Protein chains: 2
Amino acid sequence: MSDFELDTRLANDSVLVADGPLSQIRLMNDERFPWLVIVPRLAGITEWIELDGEQQDKLRTELNRTSKALKSEDGVEKINIGALGNIVRQLHFHVIGRHEGDPAWPGPVWGSGQAHRHDADELQRRVAHWKDKLGYPPHP
Amino acid sequence: MSDFELDTRLANDSVLVADGPLSQIRLMNDERFPWLVIVPRLAGITEWIELDGEQQDKLRTELNRTSKALKSEDGVEKINIGALGNIVRQLHFHVIGRHEGDPAWPGPVWGSGQAHRHDADELQRRVAHWKDKLGYPPHP
């Protein structure tokens with residue numbers, strides 16, 4: 001299996017927050033929603049069922065940690081979890097904090113309007129916020 | 001905790017195919033997509049992170065079995081997994097077989113147009129098909 005390389009589109013739309021046991025945890029650069037993306041550091045994987053049991057276990061802990069961090073965020077009422085991959089085939093799980101009246105409510109965020117980018121300073125603050133909240137040890 | 005009762009909207013939109021270790025596996029009555037829904041037989045649960053470890057383990061096996069059944073279906077190119085719950089709060093996971101050019105492609109199925117119901121005979125055939133394909137033992 002070749003080395004992991006992050007899909008170009010994911011690289012453009014999101015920034016690295018932390019490394020979990022299996023995956024990069026990334027923040028979508030879209031101020032409309034608190035929105036994290038879990039991208040396993042594996043090459044050539046497009047479906048959840050292509051992960052072996054150990055990999056699924058690790059991803060589950062990442063899903064739990066990410067969901068809990070989002071759920072405890074001010075204003076978040078509901079967590080949305082999704083693994084679609086119709087456009088970007090590299091396996092990735094979206095975890096999004098939603099609330100009544102948010103820009104896509106009650107529909108899904110995917111395909112709903114255009115991303116509103118953070119300005120550079122705010123993006124850095126958001127990354128620091130989520131890094132702290134997720135609490136993963138810094139990358140060695 | 002009170003007894004499990006299926007949400008009225010899920011009851012209207014889908015039919016029971018099989019009982020997994022934790023959940024009802026239901027078929028969405030929408031001929032546009034091969035679309036299964038996993039609904040844990042638990043009362044008062046709205047988020048994945050409200051399940052305990054054992055329940056998450058069981059749900060994972062259901063996700064795997066359902067995804068594999070859909071993936072091996074003729075014409076399915078990609079699996080979409082989603083747990084949203086913005087409208088129906090009862091925890092449920094969607095597992096949907098997608099292909100390029102399907103009626104919602106490449107967007108998500110949620111919120112995309114109206115369901116096209118199967119006629120009664122075809123619905124019964126579809127339920128039998130998925131029951132057989134999932135291979136869960138009949139309910140005692």
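**Entry 1: the second largest cavity**

I began with the second largest cavity of this predicted model, and I looked up what surrounds it. Its lining counts 14 residues. Nearest its centre I found Thr46(A), Ala83(A), Leu84(A) and Leu91(A), along with Lys78(B). I noted a space of about 60 Å³. Which element gives the most to this lining? It is β4(B), with three residues. Sorted by class, I get seven nonpolar, four polar and three charged residues around this cavity.

**Entry 2: the largest cavity**

Next I asked how many cavities of 30 Å³ or more the structure holds. There are three. The largest one comes to about 120 Å³. From chain A, I listed Trp48(A), Arg60(A), Leu63(A), Ile81(A) and Phe93(A) in its lining. From chain B, the lining takes Trp48(B), Arg60(B), Leu63(B), Ile81(B) and Phe93(B). I also checked the helices: α2 (53–71) of chain A and α2 (53–71) of chain B each bring at least two residues to this lining. By class, I wrote down eight nonpolar residues, two charged ones and no polar ones.

**Entry 3: where the chains pair**

Ala83(A), which I met beside the second largest cavity, led me to the strands. Its bridge partner in β4(B) is Ile81(B), and Ile81(B) also helps to line the largest cavity. Strand β4 of chain A, residues 78–83, and strand β4 of chain B, residues 78–83, pair in the antiparallel sense. I noted three bridges for this pairing.

**Entry 4: the whole sheet**

I then followed the sheet from end to end. It is an open sheet of 10 strands with antiparallel pairing. The order I wrote down is β1(A)-β2(A)-β3(A)-β5(A)-β4(A)-β4(B)-β5(B)-β3(B)-β2(B)-β1(B). Why is one side of β1 (14–19) of chain A, and of β1 (14–19) of chain B, left without a neighbour in the sheet? Both stand at the edges and each has a single partner strand, so one side of each stays without a neighbour there. From one strand to the next, the twist averages 25°.

Helix α3 (residues 120–134) of chain A packs on this sheet, and I found it touching β1, β2 (23–28) and β3 (35–40) of chain A. The direction of α3(A) makes about 25° with that of β1(A). In chain B, helix α3 (residues 120–134) packs on the sheet and touches β1, β2 (23–28) and β3 (35–40) of chain B. For α3(B) and β1(B), I noted an angle of about 25° between their directions.

**Entry 5: one edge, looked at again**

I went back to β1(B). Five bridges join it to β2(B), and the two strands run antiparallel. A hairpin through three residues connects β1(B) to β2(B). One bridge I picked out there is that of Asp19(B), whose partner in β2(B) is Gln24(B).

**Entry 6: helix against helix**

My last stop was α2 with α3. In chain A, α2(A) and α3(A) pack at about 120°, and their axes are 9 Å apart. Their crossing is right-handed. On the α2(A) side I found Arg65(A), Thr66(A), Ala69(A) and Leu70(A), which meet Trp130(A), Lys133(A) and Leu134(A) of α3(A). By class, this contact has four nonpolar residues, one polar and two charged.

In chain B, α2(B) and α3(B) pack at about 120° with axes 9 Å apart, and this crossing is right-handed. Here Arg65(B), Thr66(B), Ala69(B) and Leu70(B) of α2(B) meet Trp130(B), Lys133(B) and Leu134(B) of α3(B).

How values were computed: Residues are numbered from 1 along each chain as its sequence is written. Chains are lettered from A and ligands numbered from 1 in the order in which they are written. This is a predicted model: local features need pLDDT of at least 70, side-chain atom pairs count only at pLDDT 80 or more; totals for chains, interfaces and linings use all residues. Side-chain values use heavy atoms; hydrogens and water are left out. Two strands pair if DSSP finds at least two bridges between them. Helices (H or I, at least four residues) and strands (E, at least two) are DSSP runs, numbered from the N terminus. Axes are lines fitted to C-alpha atoms, for helices over the stretch in contact, and angles run from 0 to 180 degrees between N-to-C directions. Contact means heavy atoms within 4.5 Å. On a 1 Å grid over the protein atoms alone, a cavity is a set of points where a 1.4 Å probe fits but cannot get out, and a pocket is an open set with protein on both sides within 12 Å along at least five of seven lines; lining residues have an atom within 4 Å of a point. Grid points are joined across faces, edges and corners, and a volume is the space filled by probe spheres set on the points. Ala, Val, Leu, Ile, Met, Phe, Trp, Tyr, Cys and Pro count as nonpolar, Asp, Glu, Lys and Arg as charged, and the others, Gly among them, as polar. A crossing is left-handed if the near helix is turned anticlockwise from the far one by less than a right angle, and right-handed if clockwise.
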